[in-house]
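The exercises below are to be worked from the sequence and the coordinates. Each task is followed by a solution in steps.

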Amino acid sequence: MLAAMALFVAVCVAIIVTRGRVDSDVLNLLPQRFDSVRALKVYDREFTQAREITFALWDEAHATDLDGFAEYFGDALRKEPWVVRVMDRSPMDAPEGTRELQTLAIPLLLDQSAPAFAQTLQKLAPEAIAKRFAMKRTEMEAGSPKAEMELNLDPLGIVAPALTPFSASFSAENTRPLAAADGTLRVVIAVSTQTSLDAETCRATLAKVDDFKARVRAGWKSGPAPEILVTGRTAYVGELSDGMKHDVLATILGSVLLVSGVFYVGFRRVRPLLAILLVLLLCCLGAVAAGALLFSKLNVVTMGLCSILVGLGVDFGMLLYGTYQTQRNCGLDHPAATTASVGQLGRGILFGASTTAAAFVSLLLSESPGFAQLGVLIGIGILIAAALMMTLFFVFTGSTHKPGGQDLIFTATQSYLDRLFRAPKPIVYGALGLLVLLTAFAAAPVGNVRFDVNPQSLEPPNSHAGFALRKIKEKLAKGKAEPVLAIIQGRDAADFHAQWSAFQTQCLAAKERGEIANISTPAAFAFSPQRLEENLARLHAFDAAASRTALKEALDANGFDAAPFQSAFDLLDAFANLGRGDRAALDWRRTLPENSSWRFVIDRFLSNAPNIGAAYITPNQTIGAPAEQKALRRALDTPGAAPLFTGWSYVMADLVPWSQTKLVELSIAMVLFNIALLVFMYRAVAPLAVLMLSLGLSIGAMIAGLKITGLPLNLFNVLSFPLVLGVGVDYGIYVILAVRQRDRARHAMASIVKPVMLSGLTTIAGFGSLGWANHPALSSLGLVCALGVACCLFSTLFFILPAYLWKGYR
Amino acid sequence: MKRLFCLVLASLSLLSFPLQAAQPLTAPERAALLQRLQALHQKAPCFAATFSEQRSSRLLKKPLTSTGRIAFQIPNKFRREMSGSNPSLTISNGRELWIYYPNFKEAEQYTLGKRAMFDDALAALTAGLNFARVEEFYQLEITPEESGGYRIVLTPNRSNLKRIVAQLVVLLDKELDVRRTDLTLPKGDQVVTSYSAPRRDAIPESAFEFVPPPGANINHPLGK
């Protein structure tokens with residue numbers, strides 16, 4: 001037996017070590033059938049912007065020169081070896097911003113319409129260059145700031161017209177403000193060298209960020225340093241994965257301690273407790289190993305697996321041990337007592353395990369991959385637990401029996417049973433009255449169950465990254481609606497261009513009609529391959545060398561220094577290369593330096609993969625309901641373009657109805673399953689009706705509890721309703737089995753009521769221990785389930801049990 | 001835009017330093033002086049002079065020189081007439097700024113209050129140079145000169161101003177009229193302006209208003 005166990009443990013550990021991977025991505029908890037969720041994943045996966053680290057320098061008290069600190073901070077950040085580029089000011093103000101603008105303009109120039117490109121080439125004719133520089137010299141002599149601006153930004157006078165569609169599509173200043181109007185917050189954005197968003201990498205990057213923060217604050221000598229807040233995907237993942245370690249330890253330790261405490265108080269025995277824990281350990285190992293085999297990655301909510309399994313699985317052990325102890329107290333020896341207790345409860349345990357497993361497996365219907373995983377694994381774990389508790393458990397308990405001393409719980413239970421057998425009716429009425437009252441309160445329009453539709457409900461409480469993000473929004477986008485992203489994936493460059501051209505036209509028209517507040521699209525960057533080819537063909541005939549000579553002579557003739565005009569020479573050289581067929585200048589990702597601030601602008605709109613772009617739509621109000629989603633989609637419906645809309649508020653508008661529908665669907669499925677199973681077991685309508693009434697009232701009491709405690713429902717903990725239905729029904733099953741012990745009902749009751757009560761408490765403890773988890777999906781699910789199970793336990797002990805005794809149900 | 005800002009800065013600096021103190025200034029002395037200056041500005045808010053300017057630009061091999069007349073009225077109205085073969089007229093009434101080039105029949109219009117960077121800097125400048133909060137925006141270094149005048153060096157201490165101006169030096173004669181301003185820009189460009197024939201007569205409001213001549217082409221380099 002021990003060898004088989006050792007082998008089982010070794011195999012499970014080997015599977016977990018070799019195949020166990022953790023997925024901390026909250027997006028993987030969401031149902032994947034929604035376009036909005038899929039689009040958000042595309043955005044997360046393909047866009048560099050999703051990997052940016054955003055720093056917020058916050059000085060509410062105006063205690064320091066925040067602009068000066070931002071400059072110092074940005075300069076220091078650029079020197080960090082783990083940083084690729086930094087944006088702490090508009091790209092135009094960056095040291096090489098103006099020069100890089102010429103690089104950025106080259107593909108835009110080549111994407112001009114035929115007449116516009118012809119004008120561009122005319123401006124590059126030698127005589128046009130000579131005339132322009134003579135004019136600019138005269139204008140400068142007259143003191144024209146405009147002439148000087150033009151010579152700085154666009155010496156040849158061809159870049160500004162090419163940038164017109166660029167500025168029409170978006171402006172960095174409008175779409176990414178870097179400073180709060182009240183001067184209390186500055187934003188600095190960085191791209192790090194990290195290539196993956198897995199938990200380990202994010203944690204490592206965050207460690208570097210923390211180290212940098214400490215150094216940069218210590219190095220600031222011009223007054224108090226502002227607060228440095230950090231947000232972005234890396235910060236969130238790092239924080240969540242740090243929390244995962246805590247969650248696993250806290251929830252498992254919490255549940256083991258609570259469950260052990262309840263068991264010890266109830267039975268005052270150590271060896272059976274250790275036996276139960278050993279069996280539960282095997283169950284958990286088996287379930288996790290099964291998860292590692294079945295799924296490529298274990299999602300973040302499966303961290304709750306062990307706590308829930310401990311809380312549920314211990315029930316079987318406790319019920320069996322309680323009955324076993326009663327049998328031993330009646331004089332049976334170990335084998336006989338074991339056989340008797342398994343005989344008395346085996347069927348009930350199998351039914352109970354089946355309903356509980358079914359409840360969890362029903363999460364497969366939730367469409368949430370994370371919860372589906374959790375459900376399947378707990379389903380497997382529960383069945384393993386039921387099997388091992390009826391077989392292996394008694395091997396470990398040993399055969400020695402010590403008659404216990406005074407057992408206060410047993411005495412209290414006996415006393416309660418005495419009263420029940422004497423006069424069950426008042427207890428039935430009392431409990432029924434209370435449950436009906438609570439259910440009425442749940443249904444009444446008094447108070448309300450809070451349904452948290454805020455994306456914040458998906459992040460851990462006291463999340464630093466979340467606080468930073470909200471502070472940035474509060475300071476930079478106060479009063480503005482949450483943006484909606486429109487992601488377009490083109491089949492090829494031509495399709496990408498066609499879709500964006502059409503979509504931008506539609507968006508601008510919608511803006512004109514007042515249907516949206518603002519729009520920033522990458523349409524200017526979605527080049528027409530046909531136009532590029534036509535303009536490249538025109539460049540073959542262009543004499544770049546003559547223009548270059550003319551430029552040099554014009555500068556000399558008008559007293560200009562050649563060095564500040566190097567970008568103009570570079571532009572002419574690029575045209576010469578393009579004319580010769582070298583197309584390198586058309587690819588920004590090759591021509592723009594890695595540390596260029598302009599890359600932030602491009603990365604915001606274009607993905608790393610070809611022909612995927614994102615537009616940012618500011619609706620008139622934050623999208624909060626499917627009707628608003630529909631209105632937006634209708635306003636932006638574009639023949640020939642297939643944008644996928646997303647963004648957190650937009651996704652939530654999809655998910656809230658989904659979760660509410662799932663609540664109803666899964667609950668109905670669970671109730672039907674319970675009825676089907678229990679009809680087979682009860683073979684009588686009345687007791688089944690009592691059980692179902694009890695379950696219904698328990699759910700009512702649970703909702704009342706949510707109203708009273710203010711515990712909010714969210715996308716995930718609504719799934720607790722079917723779980724409570726599946727778990728809560730078990731106690732009724734054990735009770736009916738005890739009642740059916742015809743001649744020994746009182747004896748059977750005595751041996752079962754105490755374990756039922758204790759197992760209810762351990763289940764509450766198991767779920768309740770999830771409340772210690774940082775992850776909101778897990779903690780809120782645990783707390784709501786604990787509340788629901790508590791209601792079921794109450795109704796079992798004070799309504800079902802006395803009702804059965806009163807009516808003499810078998 | 002920076003060039004435009006510097007033009008305004010150099011012009012306003014004329015109003016800012018008709019200092020009357022003759023001793024090296026301690027902080028209390030400076031505070032007292034600021035109060036006296038505000039009183040002086042209330043009494044004589046206008047100033048006019050002729051100027052000669054030498055502008056070194058990194059774009060040009062040699063500096064540009066120009067001459068003309070300049071007139072101001074506290075807090076933010078001014079008029080600058082450049083003479084010579086390429087004349088120009090710059091006028092601001094505090095709300096908008098016009099630059100007109102008669103040779104090209106072209107006018108540039110800049111509406112103040114619409115560009116955050118420009119306006120913030122301008123607000124800081126005017127607030128500072130109204131002497132109520134000058135040290136909040138600039139470090140001041142005032143050195144007495146043998147001639148009886150002063151050399152005042154203003155170095156911006158806020159980074160948004162530092163991006164526009166590196167340093168402004170104002171030289172006052174013994175009558176505390178501005179003799180010269182020396183403006184250094186962040187990229188090294190320099191504008192040195194000498195003033196002569198100062199007057200503090202009242203200037204009609206119409207001098208600070210501009211109506212483009214018929215047929216003039218109007219540009220908005222920073223947008224409308």
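The expected span of a helix is 1.5 Å times one less than its number of residues. Helices (H or I, at least four residues) and strands (E, at least two) are DSSP runs, numbered from the N terminus. Residues are numbered from 1 along each chain as its sequence is written, and chains are lettered from A and ligands numbered from 1 in the order in which they are written. This is a predicted model, in which local features need pLDDT of at least 70 and side-chain atom pairs count only at pLDDT 80 or more, while totals for chains, interfaces and linings use all residues.

**Exercise 1. Check the span of helix H28 (residues 685-709) of chain A against the expected value.**

Step 1. The helix has 25 residues, so at 1.5 Å a residue it should span 36 Å.
Step 2. The end C-alpha atoms are 35 Å apart, which agrees.
Step 3. After H28(A) comes Gly710(A), with a positive phi near 75 degrees.

**Exercise 2. Describe the confidence, extent and burial of chain A.**

Step 1. pLDDT is the predictor's confidence in each residue, from 0 to 100. Its mean over chain A is 86, with 97% of the residues at 70 or more. In residues 171-175 of chain A the pLDDT is below 50, and this stretch has 7 contacts beyond near neighbours in sequence. Two residues are in contact if their C-beta atoms, placed from the backbone, lie within 7 Å.
Step 2. Chain A has 31 helices and 10 strands. Along the principal axes, its C-alpha atoms fill a box of roughly 120 × 50 × 50 Å.
Step 3. A residue is buried if 20 or more other C-beta atoms lie within 10 Å of its own, exposed if 12 or fewer, and partly exposed in between, with C-beta atoms placed from the backbone. Of the 810 residues in chain A, 51% are buried.
Step 4. Helix H25 (residues 598-605) of chain A has 7 of its 8 residues buried; among them are Trp598(A), Arg599(A) and Asp603(A).

**Exercise 3. Locate the largest nonpolar core and the helix that gives the most to it.**

Step 1. A nonpolar core is a set of buried Ala, Val, Leu, Ile, Met, Phe, Trp, Tyr and Cys residues joined through C-beta atoms within 7 Å.
Step 2. The largest such core has 181 residues, and those touching the most other members include Leu305(A), Ala486(A) and Val735(A). Helix H31 (residues 776-807) of chain A gives the most to this core, 22 residues.
Step 3. Beyond four places in sequence, Val735(A) contacts Val756(A), Thr796(A), Ile800(A), Leu801(A) and Tyr804(A).
Step 4. Another core, of 72 residues, lies apart from it and includes Ala56(A) and Leu229(A).

**Exercise 4. How many residues does each chain bring to the contact between chain A and chain B?**

Step 1. Chain B gives 25 residues and chain A gives 20 residues.
Step 2. In chain B, helix H1 (2-16), strand S2 (64-73), strand S5 (96-101) and helix H5 (159-162) each supply at least two residues of the side that touches chain A. H1(B) has the largest share, 3 residues.
Step 3. Ala, Val, Leu, Ile, Met, Phe, Trp, Tyr, Cys and Pro count as nonpolar, Asp, Glu, Lys and Arg as charged, and the others, Gly among them, as polar. On this basis the side of chain B that touches chain A has 11 nonpolar, 7 polar and 7 charged residues.
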